Amino acid sequence: MILRSIGVSGWRCYIEPVHVGPFVEGINVLYAPNGSGKSTLFQALLRGLLDGHRVTGKEIESVRPWGRSLAPTVIVEFTHEGTDYR
């Protein structure tokens, strides 16, 4: 699997949509100051790849920005065995 990009909105510190990528094959580095949301991006990536799209309840409440009723969204774009997925 080759990760191409990740987009999040309504996800913890990311209230507005944020898109990171495109990534290239090989090593990519995310560099930013502490507290800027790098770990949140990785959590969104894991949830986007491993959770079903109908997750509800406390699991979704834990990733919403505090005091907001936004629907958390993650978009993961990747290539696997020559086929592109979103």
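**A chat about loops, pockets and a patch**

Visitor: Where is Arg-12 found?

Guide: Arg-12 is in the loop between β1 and β2. Keep in mind that this is a predicted model.

Visitor: Got it. And what's the phi of Arg-12?

Guide: It's near 45°, a positive value in a residue other than glycine. As a rule, most residues other than glycine have a negative phi, and most peptide bonds are trans.

Visitor: Why does Arg-12 count as partly exposed?

Guide: Because its relative accessible area is 38%, and partly exposed covers the range between 20% and 50%.

Visitor: What about Glu-81, what's its phi?

Guide: Phi of Glu-81 is near 50°, again positive in a residue that isn't glycine. Glu-81 belongs to the loop between β3 and β4 (83-85). It counts as exposed because its relative accessibility is 74%, and the cut-off for exposed is over 50%.

Visitor: You brought up peptide bonds. Is the one from Gly-21 to Pro-22 cis or trans?

Guide: That one is cis, with omega near 10°. Pro-22 is in the loop between β2 (18-20) and α1.

Visitor: Changing topic: what volume does the largest pocket have?

Guide: About 320 Å³. It is lined by 16 residues, and the closest to its centre are Arg-47, Gly-48, Gly-52, His-53 and Val-74.

Visitor: Which element gives the largest share of that lining?

Guide: β3 does, with five residues. Helix α1 (38-50) and strand β3 (73-80) each supply at least two lining residues. By class, the lining has nine nonpolar, four polar and three charged residues.

Visitor: And the second largest pocket, what's its volume?

Guide: That pocket comes to about 240 Å³. Its lining has 14 residues, with Leu-3, Phe-23, Asn-28, Phe-42 and Leu-45 closest to the centre. Both β1 (2-9) and α1 supply at least two of them. The class split here is eleven nonpolar, two polar and one charged.

Visitor: Back to Gly-48. Where does it lie?

Guide: In helix α1. Gly-48 is partly exposed, since its relative accessible area is 33%. From Gly-48 to Val-20 it's 28 residues in sequence and 14 Å in space, C-alpha to C-alpha.

Visitor: Last one: which residues form the nonpolar patch on the surface?

Guide: Met-1, Leu-46, Leu-49 and Leu-50, with about 440 Å² of accessible area together. Among them, Leu-46 has its place in helix α1, and it counts as exposed because its relative accessibility is 52%, with the cut-off at over 50%.

Terms used. Residues numbered from 1 in each chain as written. Predicted model: local features only at pLDDT ≥ 70, side-chain atom pairs only at ≥ 80, totals over all residues. Heavy atoms only, no water. 1 Å grid on protein atoms, 1.4 Å probe; cavity = no way out; pocket = protein on both sides within 12 Å on 5 of 7 lines; lining within 4 Å. Points joined across faces, edges and corners; volume = space filled by probe spheres on them. Helix = DSSP H or I, 4+ residues; strand = E, 2+ residues; numbered from the N terminus. Nonpolar A, V, L, I, M, F, W, Y, C, P; charged D, E, K, R; others polar. Patch = residues over 30% accessible without salt bridge, like charges linked within 9 Å, V, L, I, M, F, W, Y side chains within 5 Å. Areas by Shrake-Rupley, 256 points an atom, 1.4 Å probe, with all protein chains shown as cover. Salt bridge = Lys/Arg side-chain N within 4 Å of Asp/Glu carboxyl O. Buried < 20%, exposed > 50% of the residue type's maximum accessible area, 1.4 Å probe, protein only.
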